[in-house]
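Take a walk through this model, from one end of the chain to the overall fold.

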Amino acid sequence: MNQTIETILSRRSVRSFQDKPLREEDLKAIVDCALHAPSARGLQTWKFTIVENREKIQELAKAMGEALGRPEYDMYKPQVIIIPSNEKNSRFGMEDNACAMENIFLAASSLGIGSVWINQLRDVCDAPAVREILRKYHIPDDHTVYGLAALGYSDGTPLSPKERTGKVEYIK
């Protein structure tokens, strides 16, 4: 089996991270993979914001938790987050960002870095306290966030594969 397929089949979401910084070159490679994701009509209306400060990450998590009514919310305390945002009027912004997120997750996995999609930001990105933090991170008000990638080295918690039950039908 080739390396790309092996990465796709072995990747698991990580929800418990070590307190260990990511290598700068690995993080840059992950971001470069995000930038190389497909984008509808090649418009690339996205922006990628990388937050490497755990205190700032937890500041955002706290605001999100309050907006969600979940005060204990911590996004699994990742080492780094990548926030892809996209113009609110971009017709395919959600799809473009989903492609970029998948590239982020696969690149991270191939480098031995754990990841998980944090989807709650989509529902609260315009809550006043959350938007205030997003502004501090230079995410424009005319951008929406469909999800973010939480990254870090796994704390070693075993990740077992789930049975894949999606329906498949070949028509010839």
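Leu9 sits in helix α1, which spans residues 3–10. In this predicted model, Leu9 also helps form a nonpolar patch on the surface. Its partners there are Met1, Ile5 and Ile8. Together the four residues make a patch of about 430 Å².

Now step back to the whole chain. It holds six helices and five strands. Their order along the sequence reads α-α-β-α-β-α-β-α-α-β-β. The pattern thus opens with two helices and ends with two strands.

Next, the record. An unreviewed UniProt entry carries the annotation "domain: Nitroreductase" for residues 8–153. In the model, this span is 42% helix and 18% strand. The C-alpha atoms at its two ends lie 18 Å apart.

What about overall dimensions? The C-alpha atoms fill a box of roughly 50 × 40 × 35 Å along the principal axes. The radius of gyration is 16 Å. A compact globule of 172 residues would have a value near 16 Å, so the chain agrees with that expectation.

Contacts tell how the chain is connected. Take those between residues at least 6 apart in sequence: 80% of them join residues at least 24 apart.

Burial and surface complete the picture. Of the 172 residues, 41% are buried, where buried means under 20% relative accessible area. The accessible surface of the chain comes to about 10200 Å². Carbon and sulfur atoms account for 50% of that area.

Notes
Residues are numbered from 1 along each chain as its sequence is written. This is a predicted model: local features need pLDDT of at least 70, side-chain atom pairs count only at pLDDT 80 or more; totals for chains, interfaces and linings use all residues. Side-chain values use heavy atoms; hydrogens and water are left out. Patches are made of residues with over 30% relative accessible area and no salt bridge: like charges are joined within 9 Å, nonpolar side chains (Val, Leu, Ile, Met, Phe, Trp, Tyr) within 5 Å. Accessible areas come from the Shrake-Rupley method with a 1.4 Å probe; for residues, only the protein chains shown count as cover. A salt bridge is a side-chain nitrogen of Lys or Arg within 4 Å of a carboxyl oxygen of Asp or Glu. Helices (H or I, at least four residues) and strands (E, at least two) are DSSP runs, numbered from the N terminus. The radius of gyration is taken over C-alpha atoms; the globule rule is 2.2 Å times the number of residues to the power 0.38. Buried means under 20% relative accessible area, exposed over 50%, partly exposed in between (1.4 Å probe, protein chains only). Contact means heavy atoms within 4.5 Å. UniProt positions are given in the numbering used here, feature names are shortened, and annotations may be inferred rather than shown by experiment.
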